[in-house]
Amino acid sequence: MNQRNLKYITLSFLLAGIGIAAQNPVIQTHFTPDPAPMVYQGKMYVYTGDDQPGFDFYTMTKWRVYSTEDMVNYTDHGSPISLESFSWARDRAWAAQCIERNGKFYWYICVQTVDNNMAIGVAVSDSPTGPFRDALGKPLISTGTWDNIDPTVFIDDDGQAYLYWGNSKLFYVKLNKDMTSYQGKITEIPQSVEAFGGLRRPGKSDEVLQKQEKFDDVYVEGPWLYKRNNQYYMMYAGMTGRTECLSYSTSPSPTGPWKYQGKIMTDQPTNSFTNHGGIIDFKGKSYLFYHTGLLPAGGSYGRSTAVEEFRYHADGTIPKIIMTKEGVAPAGTLNPYQRTEAETMAWSEKCSTSENRKTGVYVSDARAGGYIRVRSVDFEKGASAFSASVAAGIDGGILEVHLDDVKGPKIAEIEIPRTGGWEEFKTLTTKISASVFGVHDLYFVFQGKNITAGRKLFNFDYWSFQKK
């Protein structure tokens, strides 16, 4: 081993030991509230809303899909459904959940209808990432009220599917096997202190209730139903004080009676009035997905998906979960020797994602000083070359590849010429300038040459390495 390689390896280990950078929220290119996780064929899919920045209300017009194989690098699959997908929808594309049955994917959504009420619809696809279409051409649940929000869907071991939803009230129906119709009447779950914690007292103001500590918890919205070890769990957004927390109840049956178990996440600096989440197991570990308003320009109307790992107590109860900036540890490694979409990332700054029919989803608006971080990349015995598919309407952008830190060892650099347009992608290749092997974090750093500060540099579609 020569001195140069020894010096490089030593530096890599030092950089790796500095500590894990921020990981939460897990998506930074868009606001992604109300995460609904789903595991399918070795991947975790996360279905989210799409908060629009600059508004003082929950102004949402579409939904988004992301996937991960390792819990740290998330691939953006764009927006396969929107308000325009439903002819009967008018506004407020709020929380939703997708589930697979017999090779088809059913995405239950809620929207404001043309008659100014909230209703639940369902879209269907042959793929977890779409394209999706309205399965009915009309609402599945429509009762002429604003109670019909935040659907959660669950298929029991006997094949019976259940759809729960509700705003302040909690309802359910048994879905038929077609997943687009239901049997019987809509059932409302009785609310009680035993079932869902503290309740509002008629005639008492919130302020008085807080002082009396009687406004400790109450079902508000965002139900999430699942089963573990023959016990049914109902997580929901409860009210504590003047903000929402995540609480849960359990039952021996999917329809109750429910027994209140306590708070999961409360008194956390989420910078958001609401919280909405989903709990799921993946690769032998348990995860809580939730949202915060902690991205720049975020808040109650700019919320983003975050995730924490946790372990159940021996009796099946859920511990108190503390939100972190670091997020979760990698649950696998990424193979750099296959095509990897540039929109697969653990963290990013000064860029976004866009999509079109020709290219699909790609990283857009890369600006000087920005970067994409990809975690836990396994180079095995070494790489010899790096390729990137990029597009630029002007000359002068530079894509640098660093290891383990934005200022870590630079192993490759591509100067990006004008390619004929911002959506005219060309694949450029360069040799690796330093030895690289083993597992590292990758940083794709955006630089500019003779370009005014702050200007757009290039768009970035995918990348790959060649083995040594």
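A residue is called buried when its relative accessible area is under 20%, exposed when that area is over 50%, and partly exposed in between. These words are used throughout the following description of the structure, which is a predicted model.

The protein chain contains three helices and 33 strands. For a chain of 468 residues, a compact globule would be expected to have a radius of gyration near 23 Å, and the value of 24 Å computed for the protein chain agrees with this. Along the principal axes, the C-alpha atoms fill a box of roughly 75 × 45 × 45 Å. Of the 468 residues, 57% count as buried, while the accessible surface of the chain amounts to about 20,000 Å², with 48% of that surface belonging to carbon and sulfur atoms. Among the contacts with a separation of 6 or more, 59% are made by residues that stand 24 or more positions apart.

The charged side chains were considered next. The protein chain carries 49 positive and 51 negative side chains, and the centres of these two sets lie 2 Å apart. Side chains of opposite charge can pair when their charged atoms come close. In this structure, 15 salt bridges were found.

One of these salt bridges is formed by the side chains of Asp461 and Arg339, with a distance of 3.9 Å from N to O. The pair links distant parts of the chain, since Asp461 belongs to strand S33 (residues 456-467), whereas Arg339 is found in the loop between strand S21 (304-310) and strand S22 (340-341), 122 residues apart from its partner. The two partners also fall into separate classes of accessibility: Asp461 counts as buried because its relative accessibility is 5%, and Arg339 counts as partly exposed because its relative accessibility is 49%.

A salt bridge also joins Glu424 and Lys358, whose closest N and O atoms are 3.8 Å apart. Because Glu424 lies in strand S31 (residues 421-431) and Lys358 in the loop between strand S25 (352-356) and strand S26 (360-367), the pair ties together parts that are 66 residues apart in sequence. Glu424 is partly exposed, with a relative accessible area of 38%, and Lys358, with a relative accessible area of 66%, is exposed.

In a further salt bridge, the side chains of Asp365 and Lys456 meet at 3.7 Å, again taken from N to O. Here Asp365 is part of strand S26 and Lys456 part of strand S33, so that parts 91 residues apart in sequence are tied together by the pair. Asp365 is partly exposed, its relative accessibility being 27%. Elsewhere, Asp156, Asp157 and Lys227 are joined into one network by salt bridges that share partners.

Two individual residues illustrate contrasting surroundings. Ser364 lies in strand S26 and is buried, with a relative accessible area of 2%. When neighbours within four places in sequence are left aside, Ser364 is in contact with Cys351, Ser352, Thr353, Ser354 and Asn459. Lys104, by comparison, lies in strand S8 (residues 104-113) and counts as partly exposed at 35% relative accessibility. Apart from residues up to four places away in sequence, Lys104 touches Ile99, Val124, Ser125 and Asp126. The C-alpha atom of Lys104 is separated by 40 Å from that of Gly198, a residue 94 positions away along the chain.

Key:
Residues are numbered from 1 along each chain as its sequence is written. This is a predicted model: local features need pLDDT of at least 70, side-chain atom pairs count only at pLDDT 80 or more; totals for chains, interfaces and linings use all residues. Side-chain values use heavy atoms; hydrogens and water are left out. Helices (H or I, at least four residues) and strands (E, at least two) are DSSP runs, numbered from the N terminus. The radius of gyration is taken over C-alpha atoms; the globule rule is 2.2 Å times the number of residues to the power 0.38. Buried means under 20% relative accessible area, exposed over 50%, partly exposed in between (1.4 Å probe, protein chains only). Contact means heavy atoms within 4.5 Å. Accessible areas come from the Shrake-Rupley method with a 1.4 Å probe; for residues, only the protein chains shown count as cover. Lys and Arg count as positive and Asp and Glu as negative; His and the chain ends are not counted. The place of a charge is taken as NZ of Lys, CZ of Arg, CG of Asp or CD of Glu. A salt bridge is a side-chain nitrogen of Lys or Arg within 4 Å of a carboxyl oxygen of Asp or Glu.
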